[in-house]
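Here is a friendly walk through one protein model, taken a piece at a time. Keep the 3D view open and follow along.

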Amino acid sequence: MEHTITKINKLSNSVATLVTMPFIKVTLLVIIAFLSVKLSLAHPGFHFGWGGHGGISSGLSPQFYQFSCPQANDIVMSVLEKAIAQDMRMAASLLRLHFHDCFVQGCDASILLDDSATIVSEKSSGPNKNSVRGFEVIDEIKSKLEKACPQTVSCADILALAARGSTVLSGGPNWELPLGRRDSKTASLSGSNKNIPPPNATIENLLTFFMRQGLDEVDLVALSGAHTIGVARCATFKQRLYNQNGNNQPDENLEKSFYFDLKTMCPKSGGDNLISPLDFGSPRMFDNTYFKLILRGKGLLNSDQVLLMGNVKETRELVENYAQDESLFFEQFAMSMIKMGNLRPLTGFNGEVRKNCRRVN
């Protein structure tokens, strides 16, 4: 009898082992898979990046925070909704921050760094001084993300998410946004002064600035369409009103009634910080009115009007096409934003994830 019980116990143990082994194997596979995902999320260099558009493979992925901070975009959007409701200019300001960041040493949040013992801030450059804004909104987003997912979501990704969110909340297109950028430990005042196109740029200048970044004439015209929202300071278009070609005459491409309206709010001397909508037809709505106004000689900045009048057939035709077809503009704007957002990102072990967007860790 005792011998029989021993055999039964051995048999039970064998069965238990057979049942348990596949379970252990499956469990191990799940753990390995999860760790692989976590590793690829922490260091995007370890997996095949989301290529985006324009043949750029940047090591970014729309699913980057899927496990580490799945609520990241919801947090960004909740802050944006409140900020844009309080200040109609904020959507355009946040779009512009992303643009001015990416054109200087890539999309690395260098524009957010304040002056310090080791940093000379880009905020004091010619294109940025008394002009770029929205830093407090970025601070609030970062603070909320740090509470929800400490040291996870980079400031560079916050800028990209805020730019997309601002576009959507203004009535513009949405897009699948590649994420996983890390933050720079440096800023470049000289790069900011050298690489951001000025408002009085010629079409040749604009194409040079964009091609230097690996962007083409399609990207130039589509991204200029961001001027469908926001405002510009008098200082940025005063030259067109009073001394366009150094002969004390206005820009002949300005539509006459538009010219007289602008003169009333932008005097020849003083008033540099007075503002005018870039798209007075629908300044709060992200739409294609900007291009329709350019066709009527009512582009506010020289850099707007030369897209049509600068004797470059490709940009002129794009302005005409986007004025006729808003969905075509929306589609290309989204693709060009992805392409711009993929400019030289820091990934893997490069850079860091700042705890405070205004200073390095």
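Helix α12, residues 302-309, is mostly covered, with 7 of its 8 residues buried. This is a predicted model, so keep that in mind as you look around. The buried residues of α12 are Asn302, Ser303, Asp304, Gln305, Val306, Leu307 and Leu308. What do they pack against? The buried part of α12 sits against α7 (203-212), α8 (217-224), α9, α11 and α13 (313-324). Step just past the end of α12 and you meet Asn311, which takes a positive phi of about 60 degrees.

One of those partners, α8, is also mostly covered: 6 of its 8 residues are buried. Those are Asp219, Leu220, Val221, Ala222, Leu223 and Ser224. They pack against α7, α11, α12, α13 and α14. Have a look at the start of α8 too, where a side-chain oxygen of Asp216 comes to within 3.1 Å of the backbone nitrogen of Val218.

**The nonpolar cores**

Leu307 of α12 turns up again in the largest nonpolar core, which has 79 residues. Along with Leu80, Leu112, Ile138, Leu145 and Phe333, Leu307 is among the members that touch the most others in that core. Apart from this core lies another, of 13 residues, including Ala232, Leu262, Cys266 and Leu300.

Leu112 is a good place to zoom in. Not counting neighbours within four places in sequence, Leu112 is in contact with Lys123, Phe135, Ile138, Cys155, Leu159, Arg354, Cys357 and Arg358. Ile138 therefore appears twice here, as a contact of Leu112 and as a well-connected core member.

**The disulfides**

How many disulfides does the structure hold? There are 4. If you count the bonded cysteines along the chain, they pair up in the pattern 1-4, 2-3, 5-8, 6-7. Three of the links are listed here.

| Disulfide | S to S distance | Torsion about the S-S bond |
|---|---|---|
| Cys69 to Cys149 | 2.0 Å | 70 degrees |
| Cys102 to Cys107 | 2.0 Å | about 120 degrees |
| Cys234 to Cys266 | 1.8 Å | 70 degrees |

Start with Cys69 and Cys149, whose link is right-handed. Cys69 lies in the loop between α1 (2-42) and α2 (72-86), while Cys149 lies in the loop between α4 (135-148) and α5 (155-169), so the pair ties together parts that are 80 residues apart in sequence. Both of these cysteines, Cys69 and Cys149, are buried.

The link of Cys102 and Cys107 is right-handed as well, given its torsion of about 120 degrees. Are these cysteines buried or exposed? Cys102 has a relative accessible area of 0%, so it counts as buried. Cys107 is buried too, with a relative accessible area of 0%.

The link of Cys234 and Cys266 is right-handed. Cys234 is in the loop between β1 (231-233) and α9 (238-242), and Cys266 is in the loop between α10 (256-265) and β2 (275-277), so this pair ties together parts that are 32 residues apart in sequence. Cys234 is buried at a relative accessible area of 0%, and Cys266 is buried at 0% as well. Remember that Cys266 is also one of the members of the 13-residue core.

**A buried acid**

Now find Asp279, in the loop between β2 and α11 (289-295). Asp279 is buried yet has no salt bridge. Where is the nearest side chain of opposite charge? That is Arg296, 8.3 Å away; a salt bridge would call for a side-chain nitrogen within 4 Å of a carboxyl oxygen.

Asp279 does have polar company from the backbone. A polar atom of its side chain lies 3.0 Å from the backbone nitrogen of Gly281, and one lies 3.1 Å from the backbone nitrogen of Ser282. Setting aside residues up to four places away in sequence, Asp279 touches His227, Thr228, Asp287, Thr289, Tyr290 and Leu293.

**A glycine further along**

The last stop is Gly351, in the segment after α14 (326-341). With 22% relative accessibility, Gly351 counts as partly exposed, because buried means under 20%. Its C-alpha atom is separated by 5.0 Å from that of Ser184, although the two residues are 167 apart along the chain. Beyond its neighbours within four places in sequence, Gly351 is in contact with Arg182, Asp183, Lys185 and Leu346.

Definitions and conventions:
Residues numbered from 1 in each chain as written. Heavy atoms only, no water. Helix = DSSP H or I, 4+ residues; strand = E, 2+ residues; numbered from the N terminus. Buried < 20%, exposed > 50% of the residue type's maximum accessible area, 1.4 Å probe, protein only. Contact = heavy atoms within 4.5 Å. Disulfide = S-S within 2.5 Å. Lys, Arg positive; Asp, Glu negative; His and termini not counted. Polar contact = N/O pair within 3.5 Å; in protein donor to acceptor, adjacent residues only side chain to side chain. Core = buried A, V, L, I, M, F, W, Y, C linked by side-chain atoms within 4.5 Å.
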